[in-house]
Amino acid sequence: MDPFEVRLQFLSLLRKLNASQQSIQKVVGYALKYFSGCGEDLWDCIVEECQKGSINNRINILYLLDSLCESSLLAKSHSGSTGQDGSQNSFYLDYISRDLGKIVDYVVPEGRQGLPNLMSTKQILESWRTKRVLDPQKVDDVMATLDSRRTSLEQEQQTHSHAHPDPSNRAAPLPRAEVFKRIEEDRERHKRLRERRWVQPVAHNPQTLLPPPLASFLPLEDEDQLTLDIEFENDWETTSDWNEDDDEAAIEENELCFPPTPAGDEEQTMDLS
């Protein structure tokens with residue numbers, strides 16, 4: 001197919017996109033298939049639809065990008081292909097990293113109309129930061145923007161709580177059919193997030209032909225970072241400081257493993273019960 005026909009078919013797929021994995025994987029597969037010849041054009045289609053689509057379609061596109069990141073990482077680790085500058089081909093990861101702020105602004109626009117997509121967007125960004133899908137600093141900058149926007153909106157609501165609301169600032173209500181469609185799609189998306197929440201990055205070797213046992217969320221700059229290092233950092237951030245309770249627990253565990261020797265006994269075997 002010529003690039004124009006590829007673009008038209010891709011736009012058709014994007015406009016039919018919903019929260020189901022079948023729909024998302026169909027678009028992801030098409031995008032990866034024609035990346036070598038039309039990757040930049042297809043990315044422009046994604047940005048264009050994210051800008052023009054409804055608030056529900058925009059969050060669907062963000063979840064599409066989540067799967068596209070995963071598939072791009074897997075394709076990157078298995079293909080071994082190189083880009084025009086001689087570096088390893090990152091597929092759509094470079095585009096997503098470059099335009100992350102723009103995409104999030106489209107998905108979560110300013111004002112009350114962006115609130116329905118706020119929490120889901122933050123969940124995806126947090127997942128990308130934890131799993132090193134994108135540069136954590138870029139993700140932190142976007143998260144800070146969302147937090148400040150929400151804070152300013154809450155302050156504005158408190159300021160005008162006793163005043164007469166301005167009708168021009170109200171977001172247009174969604175049609176009833178769109179509301180029920182959003183509820184069903186949110187159920188599908190949340191189920192998918194729960195399934196993937198436990199997935200940790202896996203060590204990989206680009207030279208091996210064996211596929212990784214889990215989805216490979218790998219850092220973009222440090223390819224040699226081990227899974228153990230990432231798990232340690234995650235646990236380190238969520239572990240409290242050492243305190244007296246930890247001392248008591250350690251003493252109890254030590255006494256269970258090595259009970260004190262009774263008087264008159266020279267040696268006692270370790271209690272393994």
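This passage walks through the fold, the helix packing, the salt bridges and a few local details of a predicted model.

Starting with the overall picture, the protein is built from 11 helices and zero strands. Reading along the sequence therefore gives one helix after another, in the pattern α-α-α-α-α-α-α-α-α-α-α. Of the 273 residues, 36% are buried. As for contacts with a separation of 6 or more, 69% of them involve residues 24 or more positions apart. About 17,200 Å² of the protein is exposed, and carbon and sulfur atoms supply 52% of that area.

Helix α6 (residues 100-107) is a handy place to look at packing. Its axis and that of helix α7 (residues 118-130) come within 11 Å and cross at roughly 155°. That angle makes α6 roughly antiparallel to α7, because angles over 145 degrees count that way. On the α6 side, the contact is made by L100, V104 and V107, while α7 brings in T121, L125 and W128. Helix α6 also pairs up with helix α3 (residues 35-52): here the axes come within 8 Å and cross at roughly 30°. This time the two helices, α3 and α6, are roughly parallel. The residues that meet are W43, V47, C50 and Q51 from α3, and K102, I103, Y106 and V107 from α6. So V107 turns up in the contact with α7 and in the contact with α3, where contact means heavy atoms within 4.5 Å.

Charged side chains add further links, with 11 salt bridges in the structure. One of them joins D105 to R149, with the closest N and O atoms 2.9 Å apart. D105 sits in helix α6 and R149 in helix α8, so this pair ties together parts that are 44 residues apart in sequence. The two partners have different surroundings: D105 is partly exposed, at 37% relative accessible area, whereas R149 is buried, at 16%.

R129 has two partners to talk about. With E126 it makes a salt bridge at 2.2 Å, N to O; R129 and E126 both belong to helix α7 and are three residues apart, about one turn of the helix. Both count as partly exposed, R129 with a relative accessible area of 23% and E126 with 33%. R129 also forms a salt bridge with D140, where the closest N and O atoms are 2.3 Å apart. This second pair links R129 in helix α7 to D140 in helix α8, 11 residues away. D140 is partly exposed as well, at 29% relative accessibility. Elsewhere, R7, R15, E48, E49 and K52 are joined into one network by salt bridges that share partners.

A couple of loop residues have an unusual backbone angle. Most residues other than glycine have a negative phi. F91, however, is not a glycine and has a positive phi of about 55°. F91 lies in the loop between α4 (55-79) and α5 (93-98), and counts as buried at 12% relative accessibility. S90, in that loop too, is buried with a relative accessible area of 10%. Beyond its neighbours within four places in sequence, S90 is in contact with S72 and K76. R132 also has a positive phi, near 60°. It is found in the loop between α7 and α8 (136-159) and is buried, at 14% relative accessibility.

Finally, the surface has a nonpolar patch formed by V179, F180 and I183, with about 240 Å² of accessible area together. I183 is part of helix α9 (residues 176-196) and is partly exposed, at 37% relative accessibility.

How values were computed
Residues numbered from 1 in each chain as written. Predicted model: local features only at pLDDT ≥ 70, side-chain atom pairs only at ≥ 80, totals over all residues. Heavy atoms only, no water. Patch = residues over 30% accessible without salt bridge, like charges linked within 9 Å, V, L, I, M, F, W, Y side chains within 5 Å. Areas by Shrake-Rupley, 256 points an atom, 1.4 Å probe, with all protein chains shown as cover. Salt bridge = Lys/Arg side-chain N within 4 Å of Asp/Glu carboxyl O. Helix = DSSP H or I, 4+ residues; strand = E, 2+ residues; numbered from the N terminus. Buried < 20%, exposed > 50% of the residue type's maximum accessible area, 1.4 Å probe, protein only. Axes fitted to C-alpha atoms, helices over the stretch in contact; angles between N-to-C directions. Parallel < 35°, antiparallel > 145°, perpendicular 65-115°, else oblique.
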